[in-house]
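Colleague: Got a minute to go through this fold with me? I'd like to poke at the helix packing, the cysteines and a few odd residues.

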Amino acid sequence: MLDFVFAVDDSVTWHMMNLLKNRSHYSFLKVFGPKQISSIQSYGAGIYYNTLVPCNGRMIKYGVISTDTLIDDLLHWKTLYVAGRLQKPVKILTQNENSKLQAALVSNLKSAVTAAFLMLPESFSEEDLYMQIAGLSYSGDFRMVIGEDRSKVQNIVKPNVPHFQKLYSNILQDCPQVVYKHHLGRLEIDKSPEGQFTQLMALPRTLQQKITSLVDPPGKNRDVEEILLQVAHDPECGFVVHQGRPRSVPIISFKTC
């Protein structure tokens, strides 16, 4: 099944036009109209899916998310649902000249690299890096434990290493904290407390907040910078970052009627 995601500036207008053109794609919610559908879309991960839609002889599903919600997720990893998908190679069919969205897409990739660095050893392969990145958005996802192939992340990465390289090579080459031995397919990262503190301070806000809540006892109310400095000196820094990753959130998805 092909999976599409549409980022739209005005969800109400988009659903209104789509209901006129493709009313059969919607479930019973179509009777409530575009405003109600758009309101429901705002819950959970902020994306509304129409599923099991026949198109050109095959089945597709498509999700609709507001541009503002997408940008917020890309920058801050509030849910990491769509941001996590965009950390993997995807085909962008069309894109308008939205500078905020362009910057947020790059920021999301840089954040994925930074988080992966913190969870990897001092020396690792490119494939190790891409495995870590591809697994970021599956943290806490029950589907990875029940009813879904545990090797899904590996199946995503191994056939697509060249595509991951195309997505991340410029970021790795420009990163001052890593030695990128492209010809060997290996990387070396600064794992000193100072290096890890710099990386922790560059993480998305939601991940910083979750790390803070894991480390800071209730009632202390220390500032984030102080807590992240403590984490940077912790031998279990990578594990703390792993534990702090955003957990899966529900999406609004309905089968067509």
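Colleague: Which residues are buried in helix α10?

Modeller: Keep in mind that this is a predicted model. Helix α10 covers residues 205–215. The buried ones in α10 are T206, L207, Q208, I211 and T212.

Colleague: And what covers the buried residues of α10?

Modeller: Several helices from other parts of the chain have a hand in this. Among the elements over those buried residues are α3 (67–76) and α5 (99–119). The cover also includes α9, α11 (224–232) and α12 (237–244).

Colleague: Let's zoom in on T206. Which residues is T206 in contact with, leaving aside neighbours within four places in sequence?

Modeller: T206 lies in helix α10. Its relative accessible area is 12%, and buried means under 20%, so T206 is buried. Skipping neighbours within four places in sequence, the contacts of T206 are H76, W77 and K78.

Colleague: Now the helix pairs. Are α6 and α8 roughly parallel or roughly perpendicular to each other?

Modeller: Helix α6 is residues 126–135 and helix α8 is residues 161–174. Their axes come within 11 Å and cross at roughly 95°. Anything from 65 to 115 degrees goes in one class, so α6 and α8 are roughly perpendicular.

Colleague: How many residues of the contact of α6 with α8 are nonpolar?

Modeller: On the α6 side, the contact is made by E126, E127, L129, Y130, I133 and A134. α8 brings V161, F164, Q165, Y168 and L172. The split is one polar, two charged and, for the nonpolar class, eight.

Colleague: What about α1 and α2: at what angle do they pack?

Modeller: α1 is residues 11–22 and α2 is residues 34–41, with axes 8 Å apart. That pair is classed as oblique because the angle falls outside the parallel, antiparallel and perpendicular ranges. The packing angle is about 125°.

Colleague: In which hand does α1 pass α2, and who makes the contact?

Modeller: The crossing of α1 past α2 is right-handed. From α1, the contact uses S11, V12, H15, M16 and L19. The residues on both sides divide into five nonpolar, four polar and one charged. The α2 partners are P34, K35, I37, S38 and Q41.

Colleague: How many disulfides does the count come to?

Modeller: A disulfide is a covalent bond between the sulfur atoms of two cysteines. For C175, the closest cysteine sulfur is in C237, 15 Å away, which is too far for a bond. Seen from C237, the closest is C175, again at 15 Å and too far. The disulfide count is zero.

Colleague: Are C175 and C237 buried or exposed?

Modeller: Buried takes a relative accessible area under 20%. C175 is at 18%, so C175 makes the cut. C237 is at 1%, so C237 also counts as buried.

Colleague: Back to the loops. Which residues does L120 touch, not counting those up to four places away in sequence?

Modeller: L120 sits in the loop between α5 and β4 (123–125). With 8% relative accessibility, L120 counts as buried. Setting aside residues up to four places away in sequence, L120 touches D128, L129, Q132 and K191.

Colleague: How far apart are L120 and V64 in space, C-alpha to C-alpha?

Modeller: Along the sequence, L120 and V64 are 56 residues apart. In space, the C-alpha separation of L120 and V64 is 34 Å.

Colleague: And S192: what separates its C-alpha atom from that of A115?

Modeller: S192 is in the loop between β6 (186–189) and α9 (193–201). It has 25% relative accessibility, so S192 counts as partly exposed. S192 and A115 are 77 residues apart along the chain, and their C-alpha atoms are separated by 15 Å.

Colleague: Last one, the backbone. What is the phi of L52, and of N56?

Modeller: Most residues other than glycine have a negative phi. L52 lies in strand β2 (residues 47–55) and is partly exposed at 34%. N56 is in the loop between β2 and β3 (58–66) and is exposed at 80%. Both go positive: L52 has a phi of about 50°, and N56 is near 50°.

Key
Residues are numbered from 1 along each chain as its sequence is written. This is a predicted model: local features need pLDDT of at least 70, side-chain atom pairs count only at pLDDT 80 or more; totals for chains, interfaces and linings use all residues. Side-chain values use heavy atoms; hydrogens and water are left out. Axes are lines fitted to C-alpha atoms, for helices over the stretch in contact, and angles run from 0 to 180 degrees between N-to-C directions. Helices (H or I, at least four residues) and strands (E, at least two) are DSSP runs, numbered from the N terminus. Angles under 35 degrees count as roughly parallel, over 145 as roughly antiparallel, 65 to 115 as roughly perpendicular and the rest as oblique. A crossing is left-handed if the near helix is turned anticlockwise from the far one by less than a right angle, and right-handed if clockwise. Contact means heavy atoms within 4.5 Å. Ala, Val, Leu, Ile, Met, Phe, Trp, Tyr, Cys and Pro count as nonpolar, Asp, Glu, Lys and Arg as charged, and the others, Gly among them, as polar. Buried means under 20% relative accessible area, exposed over 50%, partly exposed in between (1.4 Å probe, protein chains only). A disulfide is a pair of cysteine sulfur atoms within 2.5 Å.
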